[in-house]
Amino acid sequence: MHSLQTALAKTLSQRQASCLLAVLALTLAASAQTRTVTAAIDTSKTGVPISKNIYGQFLEHGGDIVNTGVWSEMLVDRKFFYPVAATAPNPPPVIGNAGGNPRFNRVPTRWWTPIGGAEEITMDTSLAYAGDHSPLVKLHAKEPRGFGQSGIAVRKGKAYIGRIVLAGSPGALVKVTLIWGKEPSDRQTINLHTIGAGYRKFPLRYTAATDSDDATLEITGTGTGSFHVGALSLMPADNIEGFRPEVIAALKQLRFGVLRFPGGNFVSAYEWRYGVGDIDKRPPIFDLVWHAVQPNDVGTDEFLTLCRLLGVDPYITVNAGFGDAWSARELVEYTNGAATTPMGKWRAANGHPSPYEVKWWGVGNEPWGDYQMGAMSLPQFELKHNLFAKEMKGVDPSIKLIAGGAMPDVMEGADQSRRINGQYVPDYLSPADWTGQMLLNCLDNIDLVSEHYYASGTQHTDMKLQKKVPIEPPLSLLEWERAPAVQVRAKYEHYQEYLKRIPALRAKAVPIAIDEWAYFGGNRDGYKVVPAYAWAFHEMFRHSDLFQMGALTFATATMSENRTEAVLNPTGMLFKMYRDHFGTLPVEVTGDSPQPKPTFPAGGDQPAINPGSDTYPLDVSAALSEDRKTLSIAVLNPSESEQSIRIAINGTKLASEGKLWRMAPASIDATVQVDKKPEVQIEEEPLGALPATITVRPFSVNIYSYPVQ
């Protein structure tokens, strides 16, 4: 190949030669895929158990991810951050959030509009219930005045419950009406008398008579005087402690180990104290990161309730951006302190007398990014991390701290290294190697190190040009599917360099938590990312001693949902299939078909060795169950053609009957959507003895499971 490359270079431009060679390489790879691969699995050679937290999920409390994606609230701006107005409100200006990314420049699409004249409604600051102001409505004896909100989704026969917080004159009659159609009968009204000068909560309950995606809630009054509305709430009556039951049902199937919250970039400007106490009194604030109103309805207690409902462990990231060590200390005390401590007493007063015993704590999010609220230099952040650790562990020494890291792949990919020391890819332990410096200077206060990646199948790092460039020609499907595993492998290789350079790290194990990861682009409800995510799993399993936590961005990306329904999408199905049917004790897999060399030169986010088992074009991972009574073999075929493999089992004997779980849709573009017939499923098939030759379908993920005799 080298001589051919030289000859081509003499007659073609470098770009033409590269493209031709890439096409030739793909052709050769395709021809190599026709032979049957041979592999061996040795159950006597085991690795560190795979943590259930590898399957973890991430929920960032920004935009609608939590407030409507998981929480049941049906009303927008229910505590009146914006004034009641006939036209869409103008959000505050974007200032420095996420680099001014336009995707964060959100304009409200639903809001409270006046009924009976806008001039009769003022935003009163003297009797504000939550936040800076509350609407004051001046009454007319006969003409209804007030406000309403449309765009509410209701379903026939379903009950809805809520409340309204009111204060008003003795002569006021307030009507709260849910309208689901154009006819006079298409509504239900609750009449409220004897309101009183002080704010009081009044319950609401409705049953819709038909389906509507544009129902309206109206609050109007007649009589004398005026009335204030402090807050409103409307939820389906079947909500589970405030959460959407269909979402709980979907996510609970995943048993994903750990759930990270509340951020993400969001956390660096988050005041946790705004999210506890009376849910209606919590002030609505403007989220400077996601550029959206944050009602603070889902706070610390609600998040921990969600974890209990899902049966997963909580992982809380504290604000190390604008936040301070004392606030982090108080949050640990709020969740883990005895009811006799100041914050524990507050927790008990809020209805939770027993400590939550939260184990996993992150100190800040992506502190290496200049876009981060409260960003500072690395030497300063090292001091800050150690201050946080002292205060947080001073409350509860048993907690585990996860440090915000960024290896050279991230510092290069986010273009942060160049601003620090002028290097596109930082040298190990240089001033721009954030993870390396944190491990050098904060090791005693780190239990895990956080790493993030967002894989791309359309761009790569050009070490000569010192920038990201488009991938030309486009990657084959197989190499596209490899991209997330490439990022995992790059982090593994970077960590090996730290082990060489930091003696103390060899004495104290600090595993990696990839607590944000995903594949950029594509259809969220599509199948195409499934083989890619399976490959990433396999690469983490191969290094289970190092990779001990994950958190997919976001948990809601495992579902297809609308405002009233939610089902697992192909990504969710994959997580469920591995969590349910793949083992926990990885065993050695060898083969006679090594993976090809990486497509691009090593450096930054490109590893020196391609990820994958020596079973090209397949990737195979195997593991015993915790009790060693079952062997599971995952065979991934990321190619567009059917493939075959012979697998020898060494170290044990398998039973004569087993099972196969498989994801293998007819099209790589298959989807699962709530309003359509699913095109992807987890197939279950009983098997006899493990076949001498296994044949797997194109772009399929297969888990074979056999009892061990």
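Me: Strands count as paired when DSSP finds at least two bridges between them. What makes β2 and β23 a pair here?

Reply: In this predicted model, strand β2 (residues 57–58) is joined to strand β23 (residues 547–553) by 2 bridges. The cut-off is at least two bridges, so the two strands pair. They run parallel. F58 has T553 of β23 as its bridge partner.

Me: Which strands close into the barrel, and in what order?

Reply: The barrel has 8 strands, in the order β2-β13-β16-β17-β18-β19-β22-β23, with parallel pairing. Helix α4 (residues 300–310) packs on the sheet and touches β13 and β16 (313–318). The direction of α4 makes about 155° with that of β16.

Me: Why is the pair of F58 and F554 called tilted?

Reply: The structure holds 31 aromatic pairs. In the pair of F58 and F554, the ring centres are 5.2 Å apart and the planes meet at 45°. Rings pair if their centres lie within 6.5 Å, and planes neither under 30 degrees nor over 60 apart count as tilted; therefore the pair is tilted. F58 lies in strand β2 and F554 in the loop between β23 and β24 (559–561), so the pair ties together parts that are 496 residues apart in sequence.

Me: How do you know whether F58 and F554 are buried or exposed?

Reply: The relative accessible area is 0% for F58 and 17% for F554. Buried means under 20%, so both residues are buried.

Me: What makes the pair of F81 and Y82 stacked or edge-to-face?

Reply: The centres of the F81 and Y82 rings are 5.1 Å apart and the planes are at 85°. Planes over 60 degrees apart count as edge-to-face, so that label applies to this pair.

Me: Why is R260 said to sit over the ring of F58?

Reply: The charged end of R260 is 4.6 Å from the centre of the F58 ring. The distance limit is 6 Å, and CZ of Arg must also be within 35 degrees of the ring normal. R260 is listed as sitting over that ring, and therefore the angle condition holds as well.

Me: What makes the phi of H291 unusual, and is H291 buried or exposed?

Reply: H291 has a positive phi of about 55° although it is not a glycine. Most residues other than glycine have a negative phi. H291 is in the loop between β14 and β15 (292–294). At 3% relative accessibility, H291 is under the 20% limit, so it counts as buried.

Conventions. Residues are numbered from 1 along each chain as its sequence is written. This is a predicted model: local features need pLDDT of at least 70, side-chain atom pairs count only at pLDDT 80 or more; totals for chains, interfaces and linings use all residues. Side-chain values use heavy atoms; hydrogens and water are left out. Helices (H or I, at least four residues) and strands (E, at least two) are DSSP runs, numbered from the N terminus. Buried means under 20% relative accessible area, exposed over 50%, partly exposed in between (1.4 Å probe, protein chains only). Contact means heavy atoms within 4.5 Å. Axes are lines fitted to C-alpha atoms, for helices over the stretch in contact, and angles run from 0 to 180 degrees between N-to-C directions. Rings of Phe, Tyr and Trp (its six-membered ring) pair if their centres lie within 6.5 Å; planes under 30 degrees apart count as stacked, over 60 as edge-to-face and the rest as tilted.
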